[in-house]
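Here is a friendly walk through one protein model, meant to be read with the structure open beside you. Please take a look at the fold before reading on.

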Amino acid sequence: MIICKSGQELAYMREAGRIVAGALVEVSKAVKPGVTTAELDRIAEEFILSKGAKPAFKGLYGFPATICASVNEQVVHGIPGLKKLANGDIISIDVGAEINGYFGDHAQTFAVGDIAPDVLKLIEVTRDALTKGINAARAGNRLSDISHAVQTYVEENGFSVVRDYVGHGIGTKMHEEPQVPNFGRPGRGPRLKPGMTLALEPMVNMGTYQVHTLTDNWTVVTGDAKPSAHFEHTIAITDGEPLIMTLV
Ligand code: MG
């Protein structure tokens with residue numbers, strides 16, 4: 001069942017969204033060659049706690065940290081650790097928070113120092129694919145219109161969308177119905193209604209869309225070791241423009 005949220009619920013979700021967006025702003029200031037992903041995790045956790053919120057990923061399905069930190073060919077669910085970022089890396093950081101019982105979920109990919117032009121294009125196309133998806137998230141459209149908009153834009157630009165991981169409903173739980181794939185034919189699935197809240201999150205690979213999980217049972221990597229990017233916003237369907245919750 002897809003739950004439509006009340007105005008008060010949307011206000012709580014906006015608060016959660018503002019906190020995760022603020023956390024990523026703080027983390028982004030520290031992304032540079034030489035920093036460890038554990039240090040970025042600490043910055044995010046301290047920010048979230050300072051706002052009276054809880055890091056939502058920590059403990060979720062057993063995940064051990066506040067952020068997912070996925071470097072280069074890592075797609076999602078990378079565990080922060082003592083490895084230092086190097087010039088030319090990219091890092092996808094995904095962060096969730098809960099306040100007043102409501103959740104926000106947000107991700108961005110950042111360049112570490114100077115990166116290759118094709119990798120910069122991967123980041124830009126992924127970011128813009130999320131915008132295409134958000135623009136399709138309107139009352140009256142069907143769910144897969146979002147999926148189709150994302151896939152079309154990504155593939156027009158010569159990249160591929162990950163199939164094995166998808167966006168999701170969000171609200172009083174981090175993961176609610178429905179699943180929101182980043183691929184598929186338009187005009188399918190439930191009709192979008194005002195008050196539905198979704199986490200849209202294209203994961204875009206430079207090469208094959210195929211992925212696998214490392215032996216840590218968390219880190220998802222591309223099948224061909226080429227880089228991957230990830231952008232995510234929590235949004236609400238309205239009578240008009242979609243509302244992006246995960247902005248400062
Ligand atoms: Mg998510």
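Which residue takes a positive phi just after α2? Gly52 does, with a phi of about 75°. Keep in mind throughout that this is a predicted model.

**Helix α2 and its surroundings**

Staying with helix α2, we find 14 residues, numbered 37–50. At 1.5 Å a residue they should span 20 Å, and the end C-alpha atoms are indeed 20 Å apart, so expectation and model agree. The buried residues of α2 are Thr37, Leu40, Asp41, Ile43, Ala44, Glu45, Phe47 and Ile48. Those buried residues pack against α1 (7–30), β1 (54–55), β2 (67–71) and β4.

**The β4–β5 hairpin**

Strand β4, one of those packing partners, covers residues 90–99 and pairs with β5 in the antiparallel sense over 10 bridges. If you would like a register mark, Ser92 stands opposite Thr109 in β5. The hairpin has 2 residues between its strands, and here Asn100 takes a positive phi near 55°. Strand β5 (residues 102–111) is largely enclosed by the rest of the structure, because 8 of its 10 residues are buried.

**A three-stranded sheet with a helix across it**

Next comes an open sheet of 3 strands, in the order β6-β10-β13, with antiparallel pairing. Its edge strands are β6 (160–161) and β13, each of which pairs on one side only. Between β10 and β13, which run antiparallel, there are 3 bridges, and Val204 stands opposite Ala229 in β13.

Helix α3 (residues 117–135) lies across β10 and β13, running at about 35° to β13. Leu122 has its place in this helix and is buried, with a relative accessible area of 0%. Which residues does Leu122 contact, leaving aside its neighbours within four places in sequence? They are Ile90, Phe159, Val204, Asn205, Met206, Pro227, Ser228 and Ala229. The list includes Val204 and Ala229, the two residues that stand opposite each other in the sheet. As for Phe159, its C-alpha atom is separated from that of Leu122 by 7.5 Å, although their positions lie 37 residues apart along the chain as a sequence separation.

**The magnesium ion**

Which protein residues are donors of the magnesium ion? Asp105, His168, Glu201 and Glu232 are, through OD, NE2, OE and OE respectively, and they lie 2.1 to 2.3 Å from the ion. In sequence these donors are spaced D-x62-H-x32-E-x30-E. Glu201 sits in the loop between β9 (197–200) and β10 (203–205), while Glu232 sits in the loop between β13 (228–230) and β14 (233–236), so the pair ties together parts that are 31 residues apart in sequence.

**Accessibility and cysteines**

The table gathers the relative accessibility of two of the donors and of two cysteines.

| Residue | Relative accessibility | Class |
|---|---|---|
| Glu201 | 7% | buried |
| Glu232 | 0% | buried |
| Cys4 | 37% | partly exposed |
| Cys68 | 6% | buried |

How many disulfides does the structure hold? The count is 0. Cys4 is partly exposed at 37% relative accessibility, whereas Cys68 is buried at 6%.

Definitions and conventions. Residues numbered from 1 in each chain as written. Predicted model: local features only at pLDDT ≥ 70, side-chain atom pairs only at ≥ 80, totals over all residues. Heavy atoms only, no water. Donors = N, O, S within 2.8 Å, 3.2 Å for Na, K, Ca; no water. Helix = DSSP H or I, 4+ residues; strand = E, 2+ residues; numbered from the N terminus. Buried < 20%, exposed > 50% of the residue type's maximum accessible area, 1.4 Å probe, protein only. Disulfide = S-S within 2.5 Å. Pairing = 2+ DSSP bridges. Contact = heavy atoms within 4.5 Å. Axes fitted to C-alpha atoms, helices over the stretch in contact; angles between N-to-C directions. Expected span 1.5 Å × (residues − 1).
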